[in-house]
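Pull the model up in your viewer and let's walk through it. We'll begin with one helix and then zoom out to the domains.

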Amino acid sequence: MKIAVLPGDGIGPEIVAQAVKVLNALNIDLQLQEAHIGGAGYDAEGDPLPASTLKLAQESDAVLLGAVGGWQYDTLPRDMRPERGLLRIRKELGLFANLRPALLYDELASASTLKPEVVSGLDIMIVRELTGDIYFGQPRGITTLANGEREGINTMRYTESEIRRIGRVAFDIAMKRNKKVCSVDKANVLETTELWRQVMIELSKDYPEVELSHMYVDNAAMQLVRAPKQFDVIVTGNIFGDILSDEASMLTGSIGMLPSASLDQNNKGMYEPSHGSAPDIAGKDIANPLATILSAVMMLRYTFNDEANAQRIENAVKKTLAQGYRTGDIYTDGTKKVKCSEMGDAVVAAL
Ligand code: IPM
Ligand code: MG
């Protein structure tokens, strides 16, 4: 099993180091190879996605990524910014299906800002389309109009085949869960998502056992904090999924707990925490590595079909939380505050 390891920027290297430690502790045959991405790619090779990194990712079975971005890169031309490296690798590898599970560990029910009874037992899978939508749509840019005023342009667009393939992923996942799909759109205003809704309805005919519902994105944002347990699988486009998955992460106590998998047509995948590079706490060894460790779990599960080892790590994470270990973001009175590396050690010990 060949894994490209791309730590990236900010807290990326610290959290990825913990996931690598946990993977190595499994004692299975893994070939890990590191490369630069994001600001680290720009600094080392003048490109947020160096050609050598893309080649390594293409030749690997899976990619484990930390995070990209940092204030020092915010003034670079847009093509040179760290985020562009991330978007390009997603696009180049055809990783159209982004799975972001929001799962609440019982031990963390009191770490959420929502009441424990609202979130306890929560288990939602957000399926976000990742290579289309306003993120990639043309035309785009900032231009100057004849009157000298500047105008910013982005374009929301989806073809029906793009909608259908992400819909299939969501329905297939729902079949293995509680057989409910909620498709989130803004069909009352945006034609792109009116088509999205039509295609989801057509597709649902292939899945008679799955209950399909539809929700406008503004209502979905509200329902997620009002009564999140009504959801099983949520399927939505790139930008709505970006926003709703950050919101959903807070139901689980901290965005530091939310892993993700980005898959292509053949389940080759890139695995990364849903959070960002957190430059404000980078280098302090205080970040929460669990989202990255849980991303490695998703890698074992989805790309390597190694459910046994996936569960071993998952159980080790649960045990670590049950033992009271907490990084600062999930710390509550009476628990043991640990550093990022100590959390990694605790998971390895539990393993
Ligand atoms: C995410 C991030 C990225 C996105 C950024 C860093 C480009 O927010 O993975 O959710 O918007 O997709
Ligand atoms: Mg995001």
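Which elements do the buried residues of α6 pack against? Keep in mind that this is a predicted model. The partners are five strands and a helix by name: β4 (97–103), β5 (123–129), β8 (180–185), β9 (211–216) and β10 (233–236), plus α7 (191–204).

As for α6 itself, the helix covers residues 160–175, 16 residues in total. From first C-alpha to last, α6 reaches 22 Å, close to the 22 Å you'd expect at 1.5 Å a residue. The buried set in α6 is made up of Glu162, Ile163, Ile166, Gly167, Val169, Ala170, Phe171, Ile173 and Ala174.

Now zoom out. The domain assignment splits the chain into domain 1, built from 1–96 + 267–351, and domain 2, which runs over 97–263. Going by C-alpha atoms, the centres of domain 1 and domain 2 sit 22 Å apart.

So what does the meeting of the two look like? The size of an interface is often given as the accessible area lost when the parts come together. Here, domain 1 and domain 2 bury about 2,800 Å² between them, and carbon and sulfur atoms give 63% of that. In residue terms, 31 from domain 1 are in contact with 33 from domain 2.

If you go hunting for salt bridges across this interface, the rule finds zero. Polar contacts are another story: 13 residue pairs turn up, both partners at pLDDT 80 or more. On the domain 1 side, α4 (82–92), β12 (269–271), α10 (290–302) and α11 (307–322) each supply at least two residues that touch domain 2. Of that side, α10 gives the most, with six residues.

Key:
Residues numbered from 1 in each chain as written. Chains lettered and ligands numbered in written order. Predicted model: local features only at pLDDT ≥ 70, side-chain atom pairs only at ≥ 80, totals over all residues. Heavy atoms only, no water. Helix = DSSP H or I, 4+ residues; strand = E, 2+ residues; numbered from the N terminus. Expected span 1.5 Å × (residues − 1). Buried < 20%, exposed > 50% of the residue type's maximum accessible area, 1.4 Å probe, protein only. Contact = heavy atoms within 4.5 Å. Domains from an automatic or database assignment. Buried area = accessible area lost by both parts, 1.4 Å probe. Salt bridge = Lys/Arg side-chain N within 4 Å of Asp/Glu carboxyl O. Polar contact = N/O pair within 3.5 Å; in protein donor to acceptor, adjacent residues only side chain to side chain.
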